[in-house]
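Visitor: Please take a close look at how helices pack against one another here. Explain each term when you use it, since I am in my first year.

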Amino acid sequence: MKFATKVIHAGIEPDPSTGAVMTPIFQTSTYVQAAPGDHKGYEYARTQNPTRSALEKNLAALENGTDAICFGSGLAAQDAVIKLLKSGDEILSVNDLYGGSYRQMVRVYGQWGLKSRYIDMYNANNVADAIGPDTKLIWIETPTNPMLNIVDIAAVCAIARERGILTCVDNTFASPYLQNPLDLGADIVLHSATKYIGGHSDVVHGCLIVKDSELGARLRFLQNASGAVPGPQDCFLVLRGIKTLHLRVQRACENAEKIAHFLANHPKVSKVYWPGFEHHPNHDIAKKQMRMFGAMVSFDLKDNTIENAYRVLSGTHLFSLAESLGGVESLIGHPASMTHASIPREERLKVGLTDSLIRLSVGVEDVDDLIQDLNNII
Ligand SMILES: *Cc1c(COP(=O)(O)O)cnc(C)c1O
């Protein structure tokens, strides 16, 4: 099945009891048993829920995996991956990691003896050099947030595989429509389905997808044993969002391309970060591993004072100033004070995340209106 068919059909069957075409919201905490142990495969809703199961089958198909395991948020999904490790183990990750991921690794699991190091992975050779004796997990995010750097997934996963190190790719920024890390050698794919997969800014949700059923079973155990499961209504909303994933992401990428070029030609803009530019340092890798270049664009202003950035951030009308990304509506954000406030300022500056950097999540509105909105204020 091709992608556009999978989003509609994979894992989705009409409800056997009623014929309902749309997967019902099974709002129940428990299921009746005819005799002890005699049930229809559902005992207790932390462990199994039919709405969640339909979503998990669909997500597994979208990433070409065997199992998907859903959680109440992207960070709850990350939490389950980290629980595969033990104290003294080390995670190696990118030096402009999503702020919430960094916070959990350092401030939650640091206390339990987990080590983590953040390196420049934009040259895959740096990874081989950085691996230490305790490195047990390589955590890739690509494109990164908000600098839109690109990591060569196939090259880094090959290095990890040779040394028996587990790999997890946070694929939130690309979405399964643009990039499929399991096909490139990754062990685990993570999504914050809050973003493109849900796509309508109305649900917080996360998932993991694997292609090895033994690893899938370990993560399924953690889903039930730790219990950070999503509710059935949220699973329904994510399923509904997925039906238009390919259409939304394609349009948003087309809009982002036009906006990136508009910004690059704007006299008051100093720098534009978007992997579709030929001069982007890892453009060729982006071209190789992504279907399109994504709908996130970051830029810096020539007048790089925080006051000027705040003026732009509060002056747009169609771009709403808000956290998050990946919805049908366009958002504008200030990483230094919003998504990346939990990362120390010196760390931020080292990767080019200045106080005046602005990040756009380009939506599916008419691109001429979006460009005009930016042009009116920049
Ligand atoms: C939002 C986000 C997360 C965290 O997901 P939540 O659903 O907010 O918990 C993780 N990684 C990336 C890249 C994100 O954008």
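Guide: What follows goes through the helix pairs one by one, then turns to some single residues.

This is a predicted model, in which local features need pLDDT of at least 70 and side-chain atom pairs count only at pLDDT 80 or more, while totals for chains, interfaces and linings use all residues. Residues are numbered from 1 along each chain as its sequence is written, and side-chain values use heavy atoms, with hydrogens and water left out.

The overall division comes first. The protein is split into domain 1 (3–242) and domain 2 (245–377); these bounds come from an automatic or database domain assignment. Between the C-alpha centres of domain 1 and domain 2 there are 26 Å. To their contact, domain 1 gives 42 residues and domain 2 gives 41 residues, where contact means heavy atoms within 4.5 Å.

Now the helices. Helices (H or I, at least four residues) and strands (E, at least two) are DSSP runs numbered from the N terminus. Helix H3 covers residues 74–82 and helix H4 covers residues 99–108; their axes are 11 Å apart and the packing angle is about 40°. Axes are lines fitted to C-alpha atoms, for helices over the stretch in contact, and angles run from 0 to 180 degrees between N-to-C directions. H3 and H4 are therefore oblique to each other. Angles under 35 degrees count as roughly parallel, over 145 as roughly antiparallel, 65 to 115 as roughly perpendicular, and the rest as oblique. The crossing of H3 and H4 is right-handed. A crossing is right-handed if the near helix is turned clockwise from the far one by less than a right angle, and left-handed if anticlockwise.

On the H3 side, Leu75, Gln78, Asp79 and Ile82 make the contact, and on the H4 side Gly100, Ser101, Arg103, Gln104 and Met105 do. Sorted by class, this contact of H3 with H4 holds three nonpolar, four polar and two charged residues. Here Ala, Val, Leu, Ile, Met, Phe, Trp, Tyr, Cys and Pro count as nonpolar, Asp, Glu, Lys and Arg as charged, and the others, Gly among them, as polar. One general point helps in reading such lists. An α-helix has 3.6 residues a turn, so residues three or four places apart point the same way.

H3 is largely enclosed by the rest of the structure, because eight of its nine residues are buried. Buried means under 20% relative accessible area, exposed over 50%, and partly exposed in between (1.4 Å probe, protein chains only). The buried residues of H3 are Gly74, Ala76, Ala77, Gln78, Asp79, Ala80, Val81 and Ile82.

The next pair is helix H2 (residues 50–62) with helix H8 (residues 232–242), packed at about 35° with axes 9 Å apart. H2 and H8 cross in a left-handed way. H2 contributes Thr51, Arg52, Ala54, Leu55, Asn58, Leu59 and Leu62, while H8 contributes Pro232, Cys235, Phe236, Val238, Leu239 and Ile242. By class, the contact of H2 with H8 has ten nonpolar, two polar and one charged residues.

The last pair is helix H9 (residues 245–264) with helix H13 (residues 367–377), whose axes come within 10 Å and cross at roughly 30°. H9 is therefore roughly parallel to H13, and their crossing is right-handed. Asn255, Lys258, Ile259 and Phe262 of H9 meet Val367, Leu370, Ile371, Leu374 and Asn375 of H13. Six nonpolar, two polar and one charged residues make up this contact of H9 with H13.

Some single residues remain. Asn224 sits in helix H7 (residues 213–226) and, at 24% relative accessibility, counts as partly exposed. Leaving aside residues up to four places away in sequence, Asn224 touches Arg46 and Thr47.

After H2, in the loop that leads to strand E1 (67–71), lies Asn64. The phi of Asn64 is near 55°, a positive value in a residue other than glycine, and Asn64 is partly exposed, with a relative accessible area of 33%. Ser324 also has a positive phi, of about 80°, although it is not a glycine; Ser324 lies in the loop between strand E10 (320–321) and strand E11 (331–333).

The loop between strand E4 (135–141) and helix H6 (153–162) holds Pro143, and Pro146 lies in the loop between E4 and H6 too. The peptide bond from Thr142 to Pro143 is cis, with omega near -5°. From Asn145 to Pro146 the peptide bond is also cis, with omega near 5°.
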